[in-house]
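Good morning, everyone, and thank you for making time for this. Before I begin, please bring the sequence and the model up in front of you, so that you can follow along as I talk.

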Amino acid sequence: MSYQEYLAARDTVTTIGQPVITIILIVSLLLGAVSLYHMVMRDNRAYMLSAQLRKIVTLLLILGFIIIAWFHLRIYQTIELVYPPELANYMASTMGTSATSLRFAVPLWIETEKLYFWTLCLSIFLAVSNYRYDFIRTKITALFSSAMNIMLAAFGILTYYTSNPFREPLPGLHLEITGWYQAAGVGDPNVLYGALYQLYFRIIYFYNSEYMWTHPPMLFIAYASLVVTFVGCVFMLFRREKIFDRISYSHAKVGYLLLTVGMLIGYPWAVVAWEGKDWWWDPKINGSIMMWVLYSAYLHTRIYLKRRNMWRATAILGIICFLSLVFTYLLTYIAPGIHAITQ
Amino acid sequence: MTPELNIKPKTYDFYLMLLTSAVLVVIGLVCLYGIGYYTYTNETAPQWTQTQMYGDYIDSMNQLIYPFVVLLLVALGLCIPKRIVPRQSLLAAGTGILAATFLIALITNIGTSLAFLLAVSIVVQAAVMVLTMLGQGALTYEREGYFVQTGSSMLHLGTVIFVFDFVSMRTSELHLGVFWVATILITVGTVLSFYPGEAGNIARFLRPGSKSP
């Protein structure tokens, strides 16, 4: 019965979520087009319209995130892996645990939800920076705001086409849950033990891990903040306006802090969860260290902005940092290693 | 007599920053090489991580990265303690420590020499942090303010402890404990360095009668 409830929840997520993300796509396309029009034609009406469209995208992203959160809650409520009685007794005698079942407390940023979460965080950063800085005050800052809107629009479009969390919600987890219920239906204790053995470690060290609730979201919030730094650095290349450095630096501070703590928190998790496995110097680790050292260099060079050539050098370094960030994110999908999505 | 160093303090700091940034970028390039090597090897020999090849790869990456970690530590050693030690003495001491590190590497191995350098760095950075927090000595910083200075010294001490823990204590039972000490220092140090105004407000809120240090 609980599996049926889970399937019903999954269907509901697709039924409600799919229209929401489709509207996000449409509004993102409009946002991108209107913001581009503003950048080319310098039309103030286009700027005002893009500000409204950005707010709509943000609200829709929040709505979609609430749907995702509800689905995760339903997974927790409906799916319960009940241990066979002999196993529960064995665990009680050897491990001293009185647990007789396991539930999935799955974080809200796994599988196809990752890019969605990143986009949501970016929209919130844009809302905050639009509130903090009066972008409409000058033509150049209004252009900056439009460039940020184009970035958000690009993220919205990318999310729809490459990482739509509503089209087929959590496909990997769904396979594991379905596999468990299929094994339970066979009626052979050995099959059930085998399925439980596989799932147990996945749940303890991955899905339900406290690190999973802290390490990835810190990194995604950092990534979102560093998108703003990137756009600021691009503008720094063309205009020597103090406000671009101020915006870049204030977002780099948030990004760097979360990046550092997020990466550090990943270390003890790796030591425990990947004990005996070959994870050190794998491509994702290399990429993460590369990204971190480059952002450290950016923060160092930024101290001497007033010196000759340092403005430009800092801007270029900030852009390279962001390219390394995107590359590091993609490594999960394009490179081998323990972080690879295919493993 | 030590010859006079004819570099203005600001220029000296600037070149140190350039050295630090350059070393950081080179470490990034080493990581890029690691990505390429791992990916290429995985294409040609899919099970290579189960063989000795993986151990050799780890060793080669460590050997490539260690010299730049040493350079980074030297840069940190020349940058942070300049607040308590005259620059000329600092350069002389830095050269001496670097020579000793090199000598230990020749006699023993790179790991031991790096552990030596890290241990010295921890002592120096810890001394700077304590003196900064107590407000002692003729400390000069690129950016002024008690919380920025304290944060900066905590951040650098945490970084050195983290590298020491990683290089020399990976098999120790204290490994994760020391890791968390470093993590707390780095986190608190970064927060204080980046948000000194907010830290001051919190300090004033917690101790309403006191003046900001």
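How much space lies in the second largest pocket? The answer is about 380 Å³, and I should say at once that this value, like the others I will give today, comes from a predicted model. The pocket is lined by 13 residues, and those closest to its centre are D245(A), R302(A), I303(A), L305(A) and K306(A). If you sort the lining of this second largest pocket by class, you find 5 nonpolar residues, no polar ones and 8 charged ones. Helix 9 of chain A, which covers residues 242–273, gives the most to that lining, with 3 residues.

Let me now step back to the chain that holds this helix. Chain A has 343 residues, and 57% of them are buried. Its secondary structure comes to 11 helices and 2 strands, and if you read from the N terminus on, the order of the elements is α-α-β-α-β-α-α-α-α-α-α-α-α. The C-alpha trace of chain A spans about 70 × 40 × 30 Å along its principal axes. When we take the contacts in chain A with a separation of 6 or more, 81% of them are between residues 24 or more positions apart. As for the surface, chain A has about 15200 Å² that is accessible, and carbon and sulfur atoms account for 65% of this area.

Three residues of chain A will help to make this concrete, and I will start with S225(A), which sits in helix 8, residues 210–238. Is S225(A) buried or exposed? S225(A) has a relative accessible area of 0%, and because buried means under 20%, this residue counts as buried. Setting aside residues up to four places away in sequence, S225(A) touches F125(A), H251(A), V254(A) and G255(A).

The next residue, S129(A), belongs to helix 4, which runs over residues 113–132. S129(A) is buried as well, with a relative accessible area of 4%. Once its neighbours within four places in sequence are left aside, S129(A) is in contact with F135(A) and H251(A), and you may remember that H251(A) also appeared among the residues that S225(A) touches. S129(A) and V228(A) are 99 residues apart in sequence, and yet their C-alpha atoms are 9.1 Å apart in space.

For the third residue, please look at strand 2 of chain A, residues 101–103, where you will find R103(A). Why do we call R103(A) partly exposed? Its relative accessible area is 27%, and partly exposed covers the values between the 20% cut-off for buried and the 50% cut-off for exposed, so R103(A) falls into that class. Beyond its neighbours within four places in sequence, R103(A) is in contact with several residues, including Y76(A), Q77(A), T78(A), I79(A) and E80(A), and also I203(A) and N208(A). R103(A) and V254(A), on the other hand, are 151 residues apart along the chain, and their C-alpha atoms are separated by 34 Å.

Now let us turn to the partner, chain B. Chain B has 7 helices and 0 strands, and 43% of its 213 residues are buried. Of the contacts in chain B with a separation of 6 or more, 70% are between residues 24 or more positions apart. Chain B exposes about 11300 Å², and carbon and sulfur atoms supply 69% of that area.

How many residues does each chain bring to the contact between them? Chain A brings 39 residues and chain B brings 43. The area buried between the two chains is about 3600 Å², and 76% of it is given by carbon and sulfur atoms. Of the area that chain A buries against chain B, 19% is supplied by Y267(A), W281(A) and Y304(A), which is more than any other three residues supply.

I will finish with enclosed space. Rolling a probe the size of a water molecule over the atoms shows where empty space is left. A search of the whole structure for cavities of 30 Å³ or more finds 1, and the largest cavity has a volume of about 30 Å³. Its lining has 7 nonpolar residues, no polar residues and 1 charged residue, and among the residues that line it are F71(A), E113(A), P165(A) and F166(A).

Key. Residues numbered from 1 in each chain as written. Chains lettered and ligands numbered in written order. Predicted model: local features only at pLDDT ≥ 70, side-chain atom pairs only at ≥ 80, totals over all residues. Heavy atoms only, no water. Helix = DSSP H or I, 4+ residues; strand = E, 2+ residues; numbered from the N terminus. Buried < 20%, exposed > 50% of the residue type's maximum accessible area, 1.4 Å probe, protein only. Contact = heavy atoms within 4.5 Å. Areas by Shrake-Rupley, 256 points an atom, 1.4 Å probe, with all protein chains shown as cover. 1 Å grid on protein atoms, 1.4 Å probe; cavity = no way out; pocket = protein on both sides within 12 Å on 5 of 7 lines; lining within 4 Å. Points joined across faces, edges and corners; volume = space filled by probe spheres on them. Nonpolar A, V, L, I, M, F, W, Y, C, P; charged D, E, K, R; others polar. Buried area = accessible area lost by both parts, 1.4 Å probe.
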